[in-house]
Amino acid sequence: MAQQVTPSSQKALMVELKSLQEQPVEGFRITLVEESDLYNWEVAIFGPPNTLYEGGYFKAHIKFPVDYPYSPPTFRFLTKMWHPNIYENGDVCISILHPPVDDPQSGELPSERWNPTQNVRTILLSVISLLNEPNTFSPANVDASVMFRKWRDSKGKEKEYAEIIRKQVLSTAADADRDGVKVPRTLAEYCIQTRMPSQDSSSDLLYDDLYDDMEESEEDESEGESVGGAHGGGRVYEDQDDSGNEDS
């Protein structure tokens, strides 16, 4: 009986998650929404010092498709956000999360959109950059875009946009207290990279199970190659090469 093979997306996500927990991106903290589900991540974003978001604690979910990394994940803020590129429901509108299709009306180049070489690190860095430098050419929140432009063009004299952001930042303090999180407020604190401690051993068991599946799958592939060498193995490699060409 054929053994159940772990989807390649789970293997990719497991490797990325472990990497991000051992070597975090500055200003972010990553956990799973549920320990048994690799396709739903919870993200905590700390507002960068010397910006309107300084001292903020913003929570979001990243949801991955089964065919990741060939299709992009979605990124949705759970914290209420007033921003030109964030929809009212919290969805982030950013080129890197758009499927790689040719859509001239979008104003985006295909090269600006998602491709399989992107990963969670590039998404996180793009999101933090977007917070500080909104794209007002195709806003998801028109009112926030107009307000931001007034604030920017007046060099801070039009204060409405900044005041709304600061109120939202202050409102996140309750979430931070409830989660037992100390929010970094200085550049030195913000730049410290700390490894996330495991809450229990379940995540290690998850990694172990996936590694076992990967080893079993590699053994099966090795056996298949031996058989394939005598029964049309060359055609299998041709299919793999064609697939690789399509991705590129």
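What share of the contacts in the protein chain with a separation of 6 or more comes from residues 24 or more positions apart? The share is 60%. Contact here means heavy atoms within 4.5 Å.

**View 1. The whole chain, a predicted model with eight helices and four strands.** From the N terminus on, the elements run α-β-β-β-β-α-α-α-α-α-α-α. Helices (H or I, at least four residues) and strands (E, at least two) are DSSP runs, numbered from the N terminus. The chain has 248 residues, and 39% of them are buried. Buried means under 20% relative accessible area, exposed means over 50%, and partly exposed lies in between (1.4 Å probe, protein chains only). The accessible surface comes to about 14,800 Å². Carbon and sulfur atoms hold 50% of that surface. These areas come from the Shrake-Rupley method with a 1.4 Å probe; for residues, only the protein chains shown count as cover.

Residues are numbered from 1 along each chain as its sequence is written, and side-chain values use heavy atoms, with hydrogens and water left out. As this is a predicted model, local features need pLDDT of at least 70 and side-chain atom pairs count only at pLDDT 80 or more, while totals for chains, interfaces and linings use all residues.

**View 2. Strand 1 beside strand 2.** Strand 1 covers residues 28-32. One face of strand 1 is covered: F28, I30 and L32. The other face, R29 and T31, is uncovered. Strand 1 and strand 2 run antiparallel, joined by five bridges. Strands pair if DSSP finds at least two bridges between them. One of the partners is I45 in strand 2, which bridges to F28.

**View 3. Aromatic rings, in pairs and in a cluster.** The whole structure holds nine aromatic pairs. Rings of Phe, Tyr and Trp (its six-membered ring) pair if their centres lie within 6.5 Å; planes under 30 degrees apart count as stacked, over 60 as edge-to-face and the rest as tilted. How far apart are the ring centres of F46 and Y57? They are 5.9 Å apart, with planes at 25°, so this pair is stacked. The pair links distant parts of the chain: F46 lies in strand 2 and Y57 in strand 3, eleven residues apart. F46 and Y57 are both buried. F75 and F77 are edge-to-face, because their planes stand at 65° with ring centres 5.5 Å apart. Both F75 and F77 are buried too. One aromatic cluster is formed by W41, F64, Y68 and W114.

**View 4. A cis peptide bond at P69.** The bond from Y68 to P69 is cis, with omega near 10°. P69 sits in the loop between strand 3 (57-63) and strand 4 (74-77). Y68 also belongs to the aromatic cluster with W41, F64 and W114.

**View 5. Two loop residues with positive phi.** N50 is not a glycine, yet its phi is positive, about 65°. N50 lies in the loop between strand 2 (40-46) and strand 3. Is N50 buried or exposed? N50 is exposed, at 70% relative accessible area. K155 is not a glycine either, and its phi is about 55°. K155 lies in the loop between helix 3 (142-153) and helix 4 (160-171). K155 is exposed, with a relative accessible area of 79%.

**View 6. Q168, a buried residue in helix 4.** The relative accessibility of Q168 is 13%. Which residues does Q168 contact, leaving aside neighbours within four places in sequence? They are K80, M81 and W82.

**View 7. Cysteines without a disulfide.** The structure holds zero disulfides. A disulfide would be a pair of cysteine sulfur atoms within 2.5 Å. C93 is buried, with a relative accessible area of 16%. C191 is partly exposed, at 32%.

**View 8. Confidence along the chain.** The mean pLDDT is 80, and 71% of the residues reach 70 or more. pLDDT is the predictor's confidence in each residue, from 0 to 100. Over residues 196-207 the pLDDT is below 50. Beyond near neighbours in sequence, this stretch has 16 contacts in the model. Over residues 224-248 the pLDDT is also below 50, and that stretch has three such contacts. Where pLDDT is low, the predicted coordinates should not be read in detail.
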